[in-house]
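Visitor: I am new to this structure. Please show it to me, and let me ask how each label is earned.

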Amino acid sequence: MSLENLTQKEALETLKKLSESARICMFCTDLDTIPNASRPMSLKETDEDGNLWFLSSDQSHKNFEIKEDNRVQLYFMNNSDSEYLSILGRAFIYQDKNTIEDKWTPMANAWFDGKDDPNVSVIRVTPEETYYWEPKVGKFVSMLNFATAAITGQKTDNEDGREGNLHV
């Protein structure tokens, strides 16, 4: 892996691509407690400013924990493409009708009685520190390089991927 810290537009594009291709993350709260509270969450979107948006029940443990301490850690894994993302950020909870209307998706009906359900809330996570891992040449070529190295007994140069900080 080569170290490539990314800034501004490229960092934002990478954040959006990796988070939206994985779509599901482990959403961790109560970061001072070990083990911290973690649960899978489905990403609604990553906006043009790098904020990550989620729908959540205002009665969930996660929301109560965010109200006590809004620091959160998100872990995205897209194993099929060997892409990974770790985000430390701050979470903010919204219950206003405009934000709910803007972020609502019909899939949320599986958890709520429509967008007017009084328990619907929207969580925005603003990243503070973000780290990524991804292949440079795609998973197939990376796997081919590793397979060739294993068959021939040669070591791979391990430079077919990149990792680093995203400064959005």
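Visitor: Leaving aside neighbours within four places in sequence, which residues is Phe54 in contact with?

Guide: This is a predicted model. In it, Phe54 touches Cys25, Phe27, Met41, Ser42, Leu43, Lys44, Leu74, Phe76, Ser121, Val122, Ile123 and Val125. Contact here means heavy atoms within 4.5 Å.

Visitor: What makes a set of residues a nonpolar core?

Guide: The members must be buried, of nonpolar type, and joined through side-chain atoms within 4.5 Å. The largest such core has 22 residues. Phe54 is among those with the most contacts inside it, along with Phe27, Leu52, Leu74, Phe76, Leu85 and Val125.

Visitor: Which elements give two or more residues to this core?

Guide: They are helix 1 (8–22), strand 3, strand 6, strand 7, strand 8 and strand 9. Helix 1 gives the most, with 4 residues. Another core, of 8 residues, lies apart from it. Trp53, Ile100, Trp104 and Phe112 are among its members.

Visitor: Why is Cys25 called buried?

Guide: Buried means under 20% relative accessible area. Cys25 has 2%, so the label fits. Cys28 has 4%, so Cys28 is buried too.

Visitor: How do you know that Cys25 is not in a disulfide with Cys28?

Guide: A disulfide needs two cysteine sulfur atoms within 2.5 Å. The sulfur of Cys25 is 8.1 Å from the closest cysteine sulfur, in Cys28. That is too far for a bond. Cys28 is in no disulfide either. The count for the model comes to 0 disulfides.

Visitor: Which residues of helix 2 are buried?

Guide: In helix 2 (residues 61–68), they are Lys62, Asn63 and Ile66.

Visitor: What puts these three on the same side of helix 2?

Guide: They cover an arc of only 95° around the axis, so they share a side. In general, an α-helix has 3.6 residues a turn, so residues three or four places apart point the same way. On the other side of helix 2, His61 and Glu68 are exposed.

Visitor: What do the buried residues of helix 2 pack against?

Guide: Strands: strand 3 (24–29), strand 4 (37–42), strand 6 (52–57), strand 7 (71–78), strand 8 (83–94) and strand 9 (120–135).

Visitor: How many helices and strands are in the protein?

Guide: There are 4 helices and 10 strands. Along the sequence they follow the pattern β-β-α-β-β-β-β-α-β-β-α-β-α-β.

Visitor: How much of the protein is buried?

Guide: Buried residues make up 42% of the 168 residues.

Methods. Residues numbered from 1 in each chain as written. Predicted model: local features only at pLDDT ≥ 70, side-chain atom pairs only at ≥ 80, totals over all residues. Heavy atoms only, no water. Buried < 20%, exposed > 50% of the residue type's maximum accessible area, 1.4 Å probe, protein only. Arc of directions from axis to C-beta.
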